[in-house]
Structures are given as C-alpha cells and as structure tokens.
Amino acid sequence: MVIILYIICAIPLNAQITADSIPNKESAKKDKKYQAKAPQTKPFGSAAFEKSDKTILRWLGMGGFFINSRGTTMMIDPLLKGFDMPVMIEYPITTEDVPSLDAVLVTHADNDHYSVPTTKDLSGVTKAYHSTIYVDSLMINNGLPSHGHNIGDSFKVGTTTIKMIPVDHAWQNAYPGTSDRQFKDEDSCGFWIETPDGTIWATGDSRLMPEHLEMPTPDAILFDFSDSEWHFTFEGAVKLANTYPNTILLLNHWGSVDAPDFPPFNADPKMLYEVVDNPERIIVLAPGEPFKLKRLKKP
Ligand SMILES: [Zn+2]
C-alpha cells in the first residue's frame, strides 16, 4: 500500500486517505529526508485582479496558477485551503480575498487539483468552472456552475481561447480497490490557453504521451518535473522541456507539501539546471510572485 501511495499523485475525492495515513512515524522521525521548499510566499490581493495591458501569471503553490490576461481572470487547479496532507507554504491569497474570477479550470479529480473546499469557497465570485465531463459531474454535484468538455474541444474565457489537451493519468485502474469506478483517460486533461500575449500550456498531471512532443511551441509551460511514474517522470519531463528548447518553464507541483518521501510533491529545481537546454528559462517562482508572459522571439 505504501508503494502504491508513493507513485500516485494524490487521492481522489472518494478516498480521503493519503500517504500520511500510513503509520510509519518512527522511521520518519529518524531520517527525514531533505526536501526542496518553495521560496517565501509573496501575498497578493485585489490589485492583481485589475485590468492591465499585460498577461501576468502567479503560481499559487501546489499545482495551481492564477492568470490575469488583460483583465480576464482565471485560476487553474487552485488549492488555497483544506488539503489533507501537511502543507509547508503560506498560500498567497485566501479564498475570501479573491474579488472575482471569470473562470476556474480544473485538470482532474485528485484533491491536490480539484480542491472541494477551495472551489466551494470561490463559487460566490466565480462566473464559470471548466473541466472534463467527469470532473464537471463532480462539480455539478457540489453545486458549482460548471461546464464539461471533451478532449480536443475549445472554449472561450474573456480574451482567451482554451483547448482541452489529452493526458494519461488514470492511475486508479492500476490499483484495484482504490475506486469502484473505472477511470478513463479523458477524465483528466491539460489546458492550452491562447492569450493576447502568448500561449500557456497547463499540462496537468500526466505520463508523457507522444502527442505532448508534437505540440506547437508554447510560450510558457506550467511545468511539473516530479519523478513519479504517473507523472512525466523526471526523464520524461526533461525530454518534454527540451522538445521546446526556448519555452519558459514555470515550475509547480514541488516545494509545497511536506512529503519528502512522496515523489510527486518533492522534486528539487536544482536537478534541472544541468539537464535542461537553455536553463535560464527555468523560472522558480515564489507562490504569489508575478510573472509577465511574453511571446518567444521567432527564430
Ligand atoms: Zn497532482
């Protein structure tokens, strides 16, 4: 069971156990491993939601991002409260301080991406939620104004156009007993976000797929480089990064959860600099720190 929990990302909503549920406190006390931690959080407030002539991204910690593209505001996989493992960052904003959102986008049902407490709290200020058909069904059951999309479909949010990108993350099927449900690949997704200032690829959690190496070149990738077999794996993440050798890499899914023995959460950015081409494009943001999106120069 411990092995199972080490290689999955996190736990689906109907199985609220985690790696921390496994009683192994004695060994944990003796030799707790080093774990890279995100830089000190830079909190933000309502000013970050105002209209500007730019597209600004902010990492929310975990796998989450806030994007304000010329006044169109959205959060991807926001987790700002109520996680069931120990979190070692300060969240950069509370749900109560979010003034408004045009959309919340959710890549999949694991509770580090679809945070029920966070999305419920945001429902009073969020115009629409978007995800896969399956996650849409969960969100509708939770009373959220949600829309479900098929992989390959596109939809608009304000000034942005968003396409549903395939992923391979149906890990539940590999472990009988994890869920009564047979999961499908299309239950999870990534998002390809065209903004007036460039293209952002939110990969979601996924094993590396051939399609991922044949995309148009994005200007920025929300980059998960954790060494987990149900994610890209470290080697796969580097391969993906070097397939788009000039694309900005905004690191996430690391440094947020106190879980030194849980690969999906404990990657270290230092590992990347030797193996990624053009390493100056590796961006280690603090949670809440603004990053301005720019189009890559055409060669
Ligand atoms: Zn995850």
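The following exercises, each with a worked solution, concern the predicted model shown above.

Residues are numbered from 1 along each chain as its sequence is written. Because this is a predicted model, local features need pLDDT of at least 70 and side-chain atom pairs count only at pLDDT 80 or more, while totals for chains, interfaces and linings use all residues.

**Exercise 1. Confidence and overall composition**

Determine how confident the prediction is and what the protein chain contains.

Solution. Step 1: pLDDT is the predictor's confidence in each residue, from 0 to 100. The protein chain averages 89, and 89% of the residues score at least 70.

Step 2: Over residues 1–28 pLDDT stays under 50, and the model has 46 contacts beyond four places in sequence for this stretch. Two residues are in contact if their C-beta atoms, placed from the backbone, lie within 7 Å. Where pLDDT is low, the predicted coordinates should not be read in detail.

Step 3: The protein chain has five helices and 14 strands. Helices (H or I, at least four residues) and strands (E, at least two) are DSSP runs, numbered from the N terminus.

Step 4: Of the 299 residues in the protein chain, 44% are buried. A residue is buried if 20 or more other C-beta atoms lie within 10 Å of its own, exposed if 12 or fewer, and partly exposed in between, with C-beta atoms placed from the backbone.

Step 5: Among contacts between residues at least 6 apart in sequence, 67% join residues at least 24 apart.

**Exercise 2. The sheet that contains strand 4**

Give the strand order of the open sheet with strand 4, and trace the partners of strand 4.

Solution. Step 1: The order is 6-5-4-3-2-1-14, an open sheet of seven strands with mixed pairing. Its edge strands, each pairing on one side only, are strand 6 (146–149) and strand 14 (290–292). On average, neighbouring strands of this sheet are turned by 20° against each other, direction ignored. Angles run from 0 to 180 degrees between N-to-C directions, and axes are lines fitted to C-alpha atoms, for helices over the stretch in contact.

Step 2: Two strands pair if DSSP finds at least two bridges between them. Strand 3 pairs with strand 4 in the parallel sense over three bridges; Met-75 has Val-104 as its bridge partner, and Ile-76 has Leu-105.

Step 3: Strand 4 and strand 5 run parallel and are joined by four bridges. Here Val-104 has Tyr-129 of strand 5 as its bridge partner.

Step 4: Strand 4, helix 3 (residues 116–122) and strand 5 make a right-handed β-α-β unit. Right-handed means that, with the strands pointing away from the viewer, the path from the first strand over the helix to the second runs clockwise.

Step 5: Helix 4 (residues 133–141) lies across strand 5 (126–132) and strand 6, at about 140° to strand 5.

**Exercise 3. Pro-99**

Is Pro-99 buried or exposed, and which residues does it touch?

Solution. Step 1: Pro-99 is placed in the loop between strand 3 (72–76) and strand 4 (101–105).

Step 2: Pro-99 is exposed because it has 12 other C-beta atoms within 10 Å. In strand 4, by contrast, five of its five residues are buried.

Step 3: Not counting residues up to four places away in sequence, Pro-99 touches Ser-46, Phe-49 and Val-125. Gly-124 is 25 residues from Pro-99 in sequence, with a C-alpha to C-alpha separation of 9.4 Å.

**Exercise 4. The second sheet and the core**

Describe the sheet that runs from strand 7 to strand 13, then identify the core members that touch the most other members.

Solution. Step 1: This open sheet of seven strands has the order 7-8-9-10-11-12-13, with mixed pairing. Strand 7 (154–157) and strand 13 (282–283) are its edge strands.

Step 2: Strand 8 (residues 160–165) and strand 9 (residues 190–195) run antiparallel, joined by five bridges. Ile-162 has Ile-193 as its bridge partner, and Thr-161 stands opposite Glu-194.

Step 3: Strand 9 and strand 10 (residues 198–202) pair antiparallel over five bridges, forming a hairpin with two residues between them. Thr-195 stands opposite Gly-198.

Step 4: A nonpolar core is a set of buried Ala, Val, Leu, Ile, Met, Phe, Trp, Tyr and Cys residues joined through C-beta atoms within 7 Å. Of the 66 residues in the largest such core, Phe-65, Met-74, Val-104, Phe-191 and Leu-250 touch the most other members.

Step 5: Leaving aside neighbours within four places in sequence, Met-74 has contacts that include Ile-67, Val-104 and Val-157.
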